[in-house]
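This briefing walks through selected local features of the structure shown below, taking strand pairing, aromatic contacts and one helix in turn.

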Amino acid sequence: MGTSLVAMETLASNPAYSPVTEYLQSIHETGLRKTGGALADYIPELANQDPTLFGLSLCTPEGIVYSVGDSDTQFSIQSVSKPFVYAMALADRGLERVNQSVGEEPSGDPFNSISLDEETGRPDNPMINIGAVTTHALVHSKGASREVRENRILAGMSAFAGRELSYDDAVYESEIDKAWRNLALAALVRANDLIISDPAEVVRGYTRQCSALVTTKDLAVMGMTLASGGVNPQTGERVVPEWVAQQVLSVMTTCGMYDAAGDWLTNVGIPAKSGVSGGIMGSLPGQMGAAAFSPPIDKFGNSVRGVDAFERMSEDLGLHMMKPPSPILSSVLEKETDSSGRLHIHIQGSMDFSLAEKALRSILETPQNSQPIVIDFRSVPSVSLVGYKLLHAGIFELKRRGHTVTILDPNEHFADLREEVYTSLSDIEPTEEPVDSSWFAK
């Protein structure tokens, strides 16, 4: 592991180093006060979960994971496994073969409904149980045994997460005893000749799939792997082809949150998948993977605190997929020291959340000394609200560390800092005036 990656991991894991973590903490504190929902008591092991647990994680395109709360607590992945197993089926068997057995249309029905195409008899999509059971049976190769499929699925989900995952035997045993409805669903698709495997074996494998243990950190990395076109941002491994990631994200967008998918798309606008253990995984192409975990779920099977957290992140950070993109998206930073000993930090590109967060990390990696710093915004065509706030806080932190900071900003993105905004290098005179970053504490 290189020095720069170590520095980035330190930055991401210590709230004192990053306003992003402080922002997640504010969401977490508010969410803890939110009530409502109930445990999924039809699965005995899930009925024993601690309802006060609440974790949040966010993963950037560089693999940096910001986390707060119970982000290291393991829980069974449940239905959040569906998009990843769908991805494996697509990679193993191809889109044409998978589409012969599973459709791509929203069902508008609860997750355990018998939602079939009237003409073909196919399950409507792979995100509802009847479609997920079918998808599970398509993983690996025609006629593969349950053990082979289970090993393939666990290895595949581990590759998405960037670490070795394991199955929870207690959750599996608890759930398989109550799997009569899923067995009926599997028998129905077998009767329609959409799968060739023994329905009972398929249900055992599918239930094992749902028992895989993950944390919100895992799900955030898994979401970012999809959002990066199938490449794990931490390991650099290509887990699935880019077309597979695109297909999965497309289906997640319209089907991932069951019969609440329309409300989710309107209010959050991030492709996502939920599970009845309380997990939600979101994947915004090119920008981030995010995850929440809180066991109390609503009538649709979605975590109450998790939905609230995603709604706030989407609004605060401008993450809705229908939000118009910034006009320019380019590289972010380069640094150089001039003949007077001043460190110039050149920021480039439109400062939306992802680029501003990258710029913030580079700013905060500056050595803690008294070296004067010039932050050059001449190559920044636009700054979003969240980009402005992140960079504001970064400037404040540099000053807190004892640096004198001046800003080169001819486009007046930071016009409220009049006393330290300059249009040319010849105007620069260092100032000690601090910049307020109190918004992260609100």
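In strand β6, the residue that serves as bridge partner of A272 is G282, and this pairing is a convenient entry point to a model that is predicted. Three bridges join β5 (residues 272–274) to β6, the two strands running antiparallel, and on β6 a further six bridges lead to β7 (residues 288–293), again in antiparallel fashion.

**Strand β6 and its neighbours**
- All six residues of β6 (residues 279–284) are buried, so the strand is largely enclosed by the rest of the structure.
- In a regular strand, side chains alternate between the two faces of the sheet.
- Both faces of β6 are covered, with G279, M281 and S283 buried on one side and I280, G282 and L284 buried on the other.
- The hairpin of β5 and β6 has four residues between its strands, and G278 adopts a positive phi near 110 degrees there.
- The hairpin that β6 forms with β7 has three residues between the strands, and in its turn G286 has a positive phi of about 75 degrees.
- Within the pairing of β6 with β7, G279 stands opposite F293.

**Aromatic and cation–ring contacts**
- The structure contains three aromatic pairs, one of which is formed by F75 and F293, stacked with 4.0 Å between the centres and 0 degrees between the planes.
- This pair connects distant parts of the chain, since F75 belongs to strand β3 (residues 75–76) and F293 to strand β7, with 218 residues separating them.
- F75 counts as buried because its relative accessibility is 2%, and F293, with a relative accessible area of 1%, is buried as well.
- R208 lies over the face of Y172, at 4.0 Å from the ring centre, while R305 lies over the face of F54, at 6.0 Å from the ring centre.

**Helix α11**
- The 12 residues of α11 (residues 216–227) should span 16 Å at 1.5 Å a residue, and the end C-alpha atoms are 16 Å apart, which agrees with that expectation.
- Of these 12 residues, 11 are buried, so the helix is largely enclosed by the rest of the structure; among them are T216, D218, L219 and A220.
- T215 caps the N-terminal end of α11, placing a side-chain oxygen 3.3 Å from the backbone nitrogen of K217.
- After the helix comes G229, which has a positive phi near 75 degrees.

Technical notes: Residues are numbered from 1 along each chain as its sequence is written. This is a predicted model: local features need pLDDT of at least 70, side-chain atom pairs count only at pLDDT 80 or more; totals for chains, interfaces and linings use all residues. Side-chain values use heavy atoms; hydrogens and water are left out. Buried means under 20% relative accessible area, exposed over 50%, partly exposed in between (1.4 Å probe, protein chains only). Two strands pair if DSSP finds at least two bridges between them. Rings of Phe, Tyr and Trp (its six-membered ring) pair if their centres lie within 6.5 Å; planes under 30 degrees apart count as stacked, over 60 as edge-to-face and the rest as tilted. A charge sits over a ring if NZ of Lys or CZ of Arg is within 6 Å of the ring centre and within 35 degrees of the ring normal. The expected span of a helix is 1.5 Å times one less than its number of residues. A polar contact is a pair of N or O atoms within 3.5 Å; within protein, one must be able to donate a hydrogen and the other to accept it, and residues adjacent in sequence count only if both atoms are side-chain atoms.
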